[in-house]
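Subject: Handing over a structure, with notes

Dear colleague,

I am passing on the structure we spoke about, and I would be glad if you could read the notes beneath with the structure open beside them.

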Amino acid sequence: MLSWDVVTSLLWLIICIVMVIGLAYWFTKYVAGRGLSVPGQKGSGMEILARLNLGRDQSLVLVRVGGRCFLLGVTAGQITALAEYTEEEAALWLERPEVPDGQAPSFREALHTVLQQKRRR
């Protein structure tokens with residue numbers, strides 16, 4: 001038969017483990033959210049308009065600074081300005097076809113669209 005001391009210590013152990021897991025989850029979300037730059041994030045006169053990941057630690061970033069837009073190549077070791085665009089030219093990069101009712105197309109519709117575009121080329 002279990003004594004109350006054993007039951008109490010087991011209950012405290014379970015509570016402590018749940019608290020440690022909860023704190024680890026909260027801390028991970030806090031640390032991960034601090035360093036990420038999300039398209040549309042603004043700060044100090046600069047705005048990231050779009051980001052395209054190319055591979056591990058490699059991406060293309062379209063950035064607006066004032067009235068000028070820059071296409072940047074970003075790697076782990078450096079950032080390279082690849083091109084400069086006006087606001088109108090950058091807007092062409094950001095245009096997306098209108099989706100009815102704000103819903104994304106199904107996978108089947110998207111695949112059909114891509115295959116039609118490839119056939120036209």
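What follows is a short account of what was found.

Please keep in mind throughout that this is a predicted model.

I begin with the nonpolar residues in the interior. The largest nonpolar core has 6 residues in all, and these are L49, L62, C69, L71, Y85 and A90. Apart from that core lies another one, of 5 residues, which includes I48, V61, L72 and V74. As general background, nonpolar side chains in soluble globular proteins tend to be buried together.

Two residues of that second core, L72 and V74, turn up again around S59, a residue placed in strand β3, which spans residues 58-65. Leaving aside residues up to four places away in sequence, S59 touches R51, L52, N53, L54, L72, G73 and V74. S59 counts as buried because its relative accessibility is 7%, and buried means under 20%.

The cysteines deserve a separate word. C69, a member of the largest core, is buried, with a relative accessible area of 1%, whereas C16 is partly exposed, with a relative accessible area of 41%. The count of disulfides comes to 0.

On the surface, L10, L13, I14, I17, V18 and I21 make a nonpolar patch of about 580 Å². One of these residues, I17, has its place in helix α1, which covers residues 4-35, and at 44% relative accessibility I17 counts as partly exposed.

With best wishes

Note on methods: Residues numbered from 1 in each chain as written. Predicted model: local features only at pLDDT ≥ 70, side-chain atom pairs only at ≥ 80, totals over all residues. Heavy atoms only, no water. Helix = DSSP H or I, 4+ residues; strand = E, 2+ residues; numbered from the N terminus. Buried < 20%, exposed > 50% of the residue type's maximum accessible area, 1.4 Å probe, protein only. Contact = heavy atoms within 4.5 Å. Disulfide = S-S within 2.5 Å. Core = buried A, V, L, I, M, F, W, Y, C linked by side-chain atoms within 4.5 Å. Patch = residues over 30% accessible without salt bridge, like charges linked within 9 Å, V, L, I, M, F, W, Y side chains within 5 Å. Areas by Shrake-Rupley, 256 points an atom, 1.4 Å probe, with all protein chains shown as cover. Salt bridge = Lys/Arg side-chain N within 4 Å of Asp/Glu carboxyl O.
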